[in-house]
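The following note sets out several points on side-chain contacts and burial for your consideration. Please read them alongside the coordinates.

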Amino acid sequence: MKTLRIAGMLAAAVVLIAAAIWVVLPHAELTGPTPGTPVQAAAGGVLNLSGPDPITLDPAVSGEITSHQYIMQIFGGLARLDDNMNVVPDIAERWTTSTDGKTYTFYLRHDVKFQSGKDVKAQDVKYSWERACNPATGSQTAASYLGDIVGVKEVVNGSAKEISSLRVLDDYTLQVGIDAAKSYFMYKLTYPTTFVVDKANVETGLNWWQKPNGTGPFKLRVWQKGTSLILDRNDSYYGEKAKVTSVVYQILTGAPMNLYETGKIDVAGIGIYEVDRASDRTGSFYTQLNVNSELSFSYIGFNSKQAPFDDVNVRRAFSQAVDKKKLVTLVFRDMVQSANGIL
């Protein structure tokens, strides 16, 4: 069944972002055809998509959706978000919190394996978090997503090698302390920066992530840069198995709408230039159209330290002069909603 989408997110399924075709599947190793040979996917059980080349497949380094759409399929962390955006267990089977809300104890599942077959243990989580915080890794997100943990700041600034409050109690139990009780702490642990990586895999060299050994429901089979990227189902995945055997991303092979129309991909994102055609009730695409909300926003900010925007009244005047209704309707073709503030 083919699907046309306008801006959407379906957790653990497919994510398409407005005016682009960022596609994210349920969480995927690379072998395959000779480089330069066009990829031919077998019929049946294959999802064909269009997507960009990832910038990196290193969870600790990635900080943008271009890479995340693949990383989320190849790797996993202690927790994840479900379809309703609630935090639920992933590699961790459960966790407990101290009465003051500052100490978390995670109890890992015993059936989680890296895609190589090696068991995932608490030490792997400790290694992954400390590696993410190590300045040598070059992560731009570790301080934000792990910074509530006591001892992370010292690792980030290079004055310590280990996170002082992170303790491995046994092979499947991990304890960590945060600097204050925070309702959003577990949400941060669903972000790729906190995902588990295999130390032996990382130590194979700087480009280890081009042949990643993750824990997710998909494995990277082959990545021909600028041509295609294929994810195969990980049949040893500890969670619900993917409904497709593989996902083939066509990279830089044409406009997504054209590829969709000619049957080369099964899902396409719709931008402002195609929305009229796709939403035409008398057209052939209307019955295939899905419209979903996107978890993002954009805005134009003022530099309040530079004239004339150092004057609050000037800023107010500019804000009031903007006709949001016309922008939404005429410029963005009713594909966005107006916002009155960041929150």
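**Notes on the predicted model**

1. Asp 179 and Lys 182 form a salt bridge, with their closest N and O atoms 2.8 Å apart. The model is a predicted one. Asp 179 counts as partly exposed because its relative accessibility is 37%, whereas Lys 182, with a relative accessible area of 18%, is buried. Through salt bridges that share partners, Asp 148, Asp 179, Lys 182 and Lys 188 are joined into one network.

2. Within that network, the side chains of Asp 148 and Lys 182 also meet in a salt bridge, at 2.6 Å from N to O. This pair links distant parts of the chain: Asp 148 belongs to the loop between α3 (142-146) and α4, and Lys 182 to the loop between β10 (173-177) and α5 (185-188), 34 residues apart. Both Asp 148 and Lys 182 are buried.

3. A search of the whole structure gives 15 salt bridges. Another of interest is the contact between the side chains of Glu 162 and Lys 126, at 2.7 Å from N to O. Glu 162 lies in the loop between α4 (152-156) and β9 (167-170) and Lys 126 in helix α2, so the pair ties together parts that are 36 residues apart in sequence. Glu 162 counts as exposed, at 51% relative accessibility; Lys 126 is buried, with a relative accessible area of 8%.

4. Helix α2 itself merits a check of its geometry. For its twelve residues (122-133), a rise of 1.5 Å a residue gives an expected span of 16 Å, and the end C-alpha atoms are 17 Å apart, which agrees. The helix is mostly covered, as eleven of its twelve residues are buried. Among them are Asp 124, Tyr 127, Trp 129, Glu 130 and Arg 131.

5. The aromatic contacts comprise 13 pairs in the structure. In one of these, Tyr 237 and Tyr 238 are tilted, at 4.5 Å centre to centre and with 45° between the planes. Both Tyr 237 and Tyr 238 are buried. Elsewhere, ring pairs link Trp 95, Tyr 104, Phe 106 and Phe 185 into a cluster. Arg 94 lies over the face of Tyr 107, 4.0 Å from the ring centre.

6. Which residues make the nonpolar surface patch of about 490 Å²? Its members are Val 322, Leu 327, Leu 330, Val 331, Phe 332 and Val 336. Of these, Phe 332 is found in the segment after α10 (324-331) and counts as partly exposed, at 38% relative accessibility.

How values were computed
Residues numbered from 1 in each chain as written. Predicted model: local features only at pLDDT ≥ 70, side-chain atom pairs only at ≥ 80, totals over all residues. Heavy atoms only, no water. Patch = residues over 30% accessible without salt bridge, like charges linked within 9 Å, V, L, I, M, F, W, Y side chains within 5 Å. Areas by Shrake-Rupley, 256 points an atom, 1.4 Å probe, with all protein chains shown as cover. Salt bridge = Lys/Arg side-chain N within 4 Å of Asp/Glu carboxyl O. Helix = DSSP H or I, 4+ residues; strand = E, 2+ residues; numbered from the N terminus. Buried < 20%, exposed > 50% of the residue type's maximum accessible area, 1.4 Å probe, protein only. Phe/Tyr/Trp six-rings, centres within 6.5 Å; stacked < 30°, edge-to-face > 60°. Lys NZ or Arg CZ within 6 Å of the ring centre and 35° of its normal. Expected span 1.5 Å × (residues − 1).
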